[in-house]
Amino acid sequence: MSESPETPFEPVESKENDTFSTETPVTGKSKMTAAWSSDEGESEGVAAVASLPQGQVFEQNYQPWNGTLNPRWMRNWAILRHHVLGIFRKGHRPWGIPTRLFIFFVILASCTDIALALLASLVGSTELYDMFGVNRNNLYGHVLGFWPRNILYFPVVAALLVGGMISEDRAHGTSALYFSRPISRFDYASMKFLSIAIILFLIIDGTLALYYFSEVLVMGRGWSWIIDTFPMFLGAFLCGILLSFTYTSIGLALSSISRGRFFPAIGLIAILMGTKTMAAIINGLFDKSTLYVISPYDSVAHVCQAIMGIDSSYGELSWTWSLASVIIINGIALYLLATRVSTLEVTRE
Amino acid sequence: MMPDLDQHGHAETKEWTPDVKAPVVMLDRVSKQYGRINALNGVSLGISGGVTGILGMNGAGKSTLFKLLMGKLRASSGAVRLFGTDPWRNSAPYSRVGFVPEHEKLHDWMTAFDFVVTFARLYGLTRDEAKVEATRVLDFVDLKDVMHKKIGQYSKGMRQRVKIAHALVNDPDLIILDEPLQGCDPLARTTIMNVIKELGRMGRTVLVSSHILHEIERITEQIVILHRGRVVALGNSHAIREMLDQHPHKILLECNKPKDVAKSIMDIDEVTGLHFVSDGKLLIETRHLGVVHQQLPDIIVQNGHQVTGIDNPDDDLQSILRYLTGGF
């Protein structure tokens with residue numbers, strides 16, 4: 001306890017070399033004179049029964065930490081690489097073998113249009129090239145074709161990835177460990193989001209870039225062709241980002257309210273397929289395409305049809321409604337995710 | 001309501017410096033309610049330096065207290081401060097904190113080395129720094145020889161030491177250990193207790209919780225006793241025991257001739273009562289436990305009694321709590 005108000009804090013020993021190791025000599029003295037000192041029996045033993053409801057606040061001296069904390073991006077990078085590198089390497093986040101195999105399969109399957117376009121160039125078939133070569137419709141189809149990409153490939157990959165992303169951290173207590181570090185809630189949520197989005201982005205837009213540039217190289221396309229088609233490629237690239245973002249935000253929101261991987265994975269697929277099926281049934285029965293706005297896939301696809309400048313397959317529905325729907329769906333999902341993380345519900349075991 | 005993701009504070013922790021006038025840990029009239037249940041009720045504490053034991057039965061509020069300190073819960077009222085900073089609003093103080101949670105949080109698929117390195121990097125250490133620090137702390141908890149084995153192959157005591165190592169990797173000023181001895185065998189307990197005592201001697205502020213008084217007393221004399229969300233006693237454990245002298249203590253003797261032993265013991269002035277509990281058992285009541293314990297061995301030896309056991313049945317936390325709370 002301090003002796004006078006003027007000198008509440010006594011000088012303390014330097015903290016230099018005060019790290020612990022097996023060789024460290026035991027100093028026997030605390031650098032902090034505590035509320036109850038760390039001396040072992042040297043000081044007079046004092047105790048108090050806490051008769052007052054507010055107890056007692058003690059004064060003491062201590063040496064503040066004046067070290068430097070490495071930049072925030074370094075900590076965030078550690079989270080990001082822990083998740084993304086786990087796909088390829090051991091010693092990071094362990095993704096299951098089925099997840100890794102399925103990602104490998106989807107990457108291969110997403111390259112079928114590359115193989116067929118190359119085959120068309122080899123055999124010199126213009127019909128085959130029209131079907132699989134780079135053009136406005138095929139670039140759109142590479143990202144947003146419903147069968148098989150957006151029914152079998154991308155939603156299933158997203159479901160496998162988001163399934164345990166937050167929920168398993170919560171079940172295993174890992175999220176509690178994250179928050180015992182100088183990691184802010186925003187950093188945690190954003191790095192989790194980025195990890196999934198980057199993997200999805202690499203699959204969707206990575207194979208898209210491979211598709212486009214392999215045509216440039218193999219078919220010997222010149223600058224004029226590139227100048228003609230590059231805006232279309234960028235449009236499809238943007239669509240890939242929008243699709244990755246939307247699947248990730250819905251999936252992570254579901255993961256943040258669960259303790260297991262099953263519910264978020266099935267929930268994501270159910271939302272994507274259920275809403276599309278319902279909208280398709282209503283459209284088939286009543287010839288009304290308005291309900292497609294409730295389907296995340298259809299809303300993104302409709303917006304991307306407008307971006308790519310291809311014919312709309314959503315009848316009388318304006319693409320601006322779909323754009324509003326994409327914003328609202330992502331907004332709700334991100335709000336749910338942010339709320340769960342900000343209240344630290346994701347750390348409750 | 002907008003989610004509090006930016007924590008209303010400086011998520012950018014680079015600029016953070018601790019308040020030099022503040023205690024390492026400070027709680028000022030902190031209460032936490034879960035619905036209608038009061039988990040903590042007006043708790044105020046200030047702790048800096050040394051090992052402090054947080055004692056309490058299950059449900060006393062120990063875990064809630066630690067969750068408040070670790071920023072996992074928001075106090076319903078009152079102020080929680082680590083190094084003068086509100087941990088709910090700013091995660092920066094955790095750069096100086098190491099936390100050992102009660103439950104298993106280990107990644108069985110990783111080696112101890114990889115696990116400690118992974119979480120070291122979340123403190124902002126570079127890859128090389130993290131490797132050096134991980135080796136150092138694993139050596140400190142005596143796991144260096146087996147640090148490249150997968151955690152799944154470790155015993156309970158080794159797993160506890162990995163948890164402690166991962167919390168020490170940033171050379172923290174404050175270490176919080178939630179029930180670190182639970183489920184450990186005697187050898188592991190001794191090792192972990194030595195590690196904790198060593199940290200205290202090195203000037204770290206160490207908070208360690210337990211519901212077993214003897215465990216804590218082997219680590220530290222400085223204790224805080226929580227009961228039903230309130231601090232019922234704090235300070236030196238011996239002094240707390242002294243305060244209990246106004247209450248009768250009990251000593252249970254196991255012997256072959258209790259009546260003969262009773263006759264000899266009646267000579268001790270401090271003995272206030274004798275009860276024959278069952279065959280071969282004698283219960284002694286006294287208000288001065290230390291004095292009786294001092295004289296008892298001499299009397300037994302001088303009179304040639306055969307005593308097979310001496311126990312203090314009420315010398316546990318539950319009994320102390322009963323005294324402190326008047327049975328409530």
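Where in chain B is the place of Thr111(B)? In this predicted model, select Thr111(B) and look at the loop between β5 (97-100) and α2 (112-121) of chain B. The relative accessibility of Thr111(B) is 13%, so the residue counts as buried, the cut-off being under 20%. Next, show the polar contact made by its side chain: the partner is the backbone nitrogen of Asp114(B), at 3.0 Å. Then add Met147(B), His148(B), Lys149(B), Lys150(B) and Ile151(B), which are in contact with Thr111(B) once its neighbours within four places in sequence are left aside.

Stay in chain B and select helix α5, residues 186-201. The helix has 16 residues, and at 1.5 Å a residue these should span 22 Å; the end C-alpha atoms are 22 Å apart, so the two values agree. Colour its buried residues, among them Ala188(B), Ile192(B), Val195(B) and Leu199(B). Glu198(B) and Gly200(B) are also buried. To see what covers the buried residues of α5(B), display elements including the strands β3 (50-55), β6 (174-177) and β7 (205-210) of chain B. The cover also includes the helices α3 (127-140), α4 (156-168) and α6 (213-219) of chain B. Just after α5(B), pick Gly203(B), where phi is positive, at about 90°.

Finally, switch to chain A. Its elements begin with a strand at the N-terminal end, and the chain has 13 helices and one strand. Of its 349 residues, 50% are buried. Among contacts in chain A with a separation of 6 or more, 72% come from residues 24 or more positions apart. Turn on the surface of chain A: the accessible area is about 16200 Å², with 67% belonging to carbon and sulfur atoms.

How values were computed
Residues numbered from 1 in each chain as written. Chains lettered and ligands numbered in written order. Predicted model: local features only at pLDDT ≥ 70, side-chain atom pairs only at ≥ 80, totals over all residues. Heavy atoms only, no water. Helix = DSSP H or I, 4+ residues; strand = E, 2+ residues; numbered from the N terminus. Buried < 20%, exposed > 50% of the residue type's maximum accessible area, 1.4 Å probe, protein only. Polar contact = N/O pair within 3.5 Å; in protein donor to acceptor, adjacent residues only side chain to side chain. Contact = heavy atoms within 4.5 Å. Areas by Shrake-Rupley, 256 points an atom, 1.4 Å probe, with all protein chains shown as cover. Expected span 1.5 Å × (residues − 1).
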